[in-house]
Amino acid sequence: METYEIFFDLAIIIMAAEFFGLLARKLKAPQVVGQIIAGLLIGPSVLGVVENTVFITRMAEIGVILLMFSAGLETNLKDLMKTGFKALLIACAGVFVPLCAGFLMASCFNGFAEVGSSKFITNIFFGTIMTATSVSITVQALREMGKLKGTVGTTILSAAIIDDVIGIVVLTFVLGMKDPSNNPVTVVWKTALFFVLAFIFGILFYKFMKIIDRRYEHHRRIPIIGLCMCFLMAYLAEKYFGIADITGAYVAGIIMCNLNDANYIARKADINSYMLFGPVFFASIGLKTEINDFNTQLLIFSVAFVLVALVSKIIGCGLCAKLLHFNFNDSFKIGVGMMTRGEVALIVAQKGLAVGVLDAKYFTSVILLIIVSSISTPLILKALYKKDPVDAAPLEA
């Protein structure tokens, strides 16, 4: 492939992704949905203008790292501590129930298999995809209704953040099972060791960054150091601990999320992500999606996948909230607020494809889940909040 052909591919991807992203926003759908559709249209399955080359794949991987780094930077540890134990329990239920339900659903379609076999790992990986909750989509829906800082809103946000952390750990564990040289015990202790060392190193690095932050506030060297930390943590996580690189990037963001310049670092990182790597990543999902093989069986699987993913989150999170003494309406809100899927589900699916756990044709199921959950969640939440007492005025976003 000639170098100049790369420039053509990037130009087409960025223009198509931005155009369809804006179109999706106009239609009240998440922008990422439009970018995925753009990749699908310009990819081999439809127009065949752009191919999914090794270069595009590597660019997309950088996009994933930057997305997870930004997600870590945007984590609010103070809000996380407010709801504390209740949010943790709701998040655990929001991971456990979809994980089990997804595994059982996939096993019914693909057949039950021996623990540790390739089919077993594939089946449980579908449950792993279902564990993700899209913080960004949930936050936007609550913000538009002025309910983000209420008790329910804070609980949903905190639980969604914890949910993603647990989901990434589950992803790391499942991907570790793919390597025959690893056993579950090895995966567990290596994962635990990584987080222990990351915690110790994170405290030291945070103190160092606070000194640099005070001395060079809003200086460009701050986000440069942060970006170096992001890539270094991603490298160390996968190279020496067998943990997904996105875990390292996410932890790097969390380490720096309480800095005074955390938002400044996030804005600078978002420039790279928004302008180039983000559109390439989301479009690459569409490029990889194979609709030529879409048939009745895959349609039935996709419908079952979406229904199980949505209902299992509502049951897991909503029932746990009810046991924690939330009223029925608020419990239902929490369950519905946790059922949205977005970037993290795509990242998990992308990681599964990269290691051969997931077939490309199943991206259609994941995309369908994102579209349905993104559209239905705001509508259901709005209907549930209408049932609140009239004097329950919206809180400022």
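In the predicted model, the count of aromatic pairs comes to 15. One of these pairs joins Phe19 and Phe20, whose ring centres are 5.2 Å apart and whose planes stand at 90°, so that the pair is classed as edge-to-face. The two partners are assigned to separate classes of accessibility: Phe19, at 53% relative accessibility, counts as exposed because the cut-off for that class is over 50%, whereas Phe20, with a relative accessible area of 23%, is partly exposed. Beyond this pair, one aromatic cluster is formed by Phe109, Phe126, Phe301, Phe305 and Tyr362.

Within this cluster, Phe126 was examined further. Phe126 is located in helix H5, which comprises residues 118-130, and its relative accessibility of 1% places it among the buried residues, because buried means under 20%. When neighbours within four places in sequence are left aside, the contacts of Phe126 are with Gly102, Ala106, Asn110, Phe301, Phe305, Leu358 and Tyr362. The last of these contacts joins distant parts of the sequence, given that Phe126 and Tyr362 are 236 residues apart along the chain while their C-alpha atoms are separated by 9.6 Å. Helix H5 also holds Thr128, a residue that is buried, with a relative accessible area of 0%. Leaving aside neighbours within four places in sequence, Thr128 is in contact with Leu99, Val170, Leu171, Val174 and Val348. Ser117 belongs to the loop between helix H4 (77-110) and H5, and with 24% relative accessibility Ser117 is counted as partly exposed. Between Ser117 and Met177 the C-alpha to C-alpha distance is 9.0 Å, at a sequence separation of 60 residues.

For the chain as a whole, the secondary structure consists of 15 helices and zero strands. Of its 397 residues, 54% count as buried. Among contacts in the chain with a separation of 6 or more, 80% are accounted for by residues 24 or more positions apart.

The largest nonpolar core has 105 residues, and those with the most contacts inside it are Ile90, Phe125, Ile129, Met256, Phe281, Phe305 and Ile334. Helix H7 gives the most to this core, contributing 13 residues. Apart from this core lies another, of 15 residues, which includes Leu10, Ile12, Val50 and Leu66. Phe305, listed among the residues with the most contacts inside the largest core, is also a member of the aromatic cluster described above. For Phe281, another residue of that list, the contacts that remain once neighbours within four places in sequence are left aside are Ala60, Gly63, Val64, Leu67, Leu346, Ile347 and Gln350.

A further set of contacts was found around Ala234, which is placed in helix H9 (residues 221-241) and is buried, with a relative accessible area of 6%. Not counting residues up to four places away in sequence, Ala234 touches Ile65, Asp245, Gly248 and Ala249. Ala234 and Ile65 are 169 residues apart along the chain, and a distance of 7.5 Å separates their C-alpha atoms.

The second largest pocket has a volume of about 470 Å³. Its lining comprises 16 residues, of which Ala198, Phe199, Val251, Ile254 and Ile255 are the closest to the centre of the pocket. At least two lining residues are supplied by each of helix H7 (151-178), helix H8 (184-215) and helix H10 (245-256), and the largest share, six residues, comes from H8. By residue class, the lining of this pocket divides into 13 nonpolar residues, three polar residues and no charged residues. Helix H7 thus appears both in the lining of the second largest pocket and in the largest nonpolar core.

With respect to backbone geometry, most residues other than glycine have a negative phi. Against this background, His325 was noted for a positive phi of about 80°, although it is not a glycine. His325 is situated in the loop between helix H12 (296-323) and helix H13 (328-337). With a relative accessible area of 74%, His325 is classed as exposed, because its value is over 50%.

Note on methods: Residues are numbered from 1 along each chain as its sequence is written. This is a predicted model: local features need pLDDT of at least 70, side-chain atom pairs count only at pLDDT 80 or more; totals for chains, interfaces and linings use all residues. Side-chain values use heavy atoms; hydrogens and water are left out. On a 1 Å grid over the protein atoms alone, a cavity is a set of points where a 1.4 Å probe fits but cannot get out, and a pocket is an open set with protein on both sides within 12 Å along at least five of seven lines; lining residues have an atom within 4 Å of a point. Grid points are joined across faces, edges and corners, and a volume is the space filled by probe spheres set on the points. Helices (H or I, at least four residues) and strands (E, at least two) are DSSP runs, numbered from the N terminus. Ala, Val, Leu, Ile, Met, Phe, Trp, Tyr, Cys and Pro count as nonpolar, Asp, Glu, Lys and Arg as charged, and the others, Gly among them, as polar. Buried means under 20% relative accessible area, exposed over 50%, partly exposed in between (1.4 Å probe, protein chains only). A nonpolar core is a set of buried Ala, Val, Leu, Ile, Met, Phe, Trp, Tyr and Cys residues joined through side-chain atoms within 4.5 Å. Contact means heavy atoms within 4.5 Å. Rings of Phe, Tyr and Trp (its six-membered ring) pair if their centres lie within 6.5 Å; planes under 30 degrees apart count as stacked, over 60 as edge-to-face and the rest as tilted.
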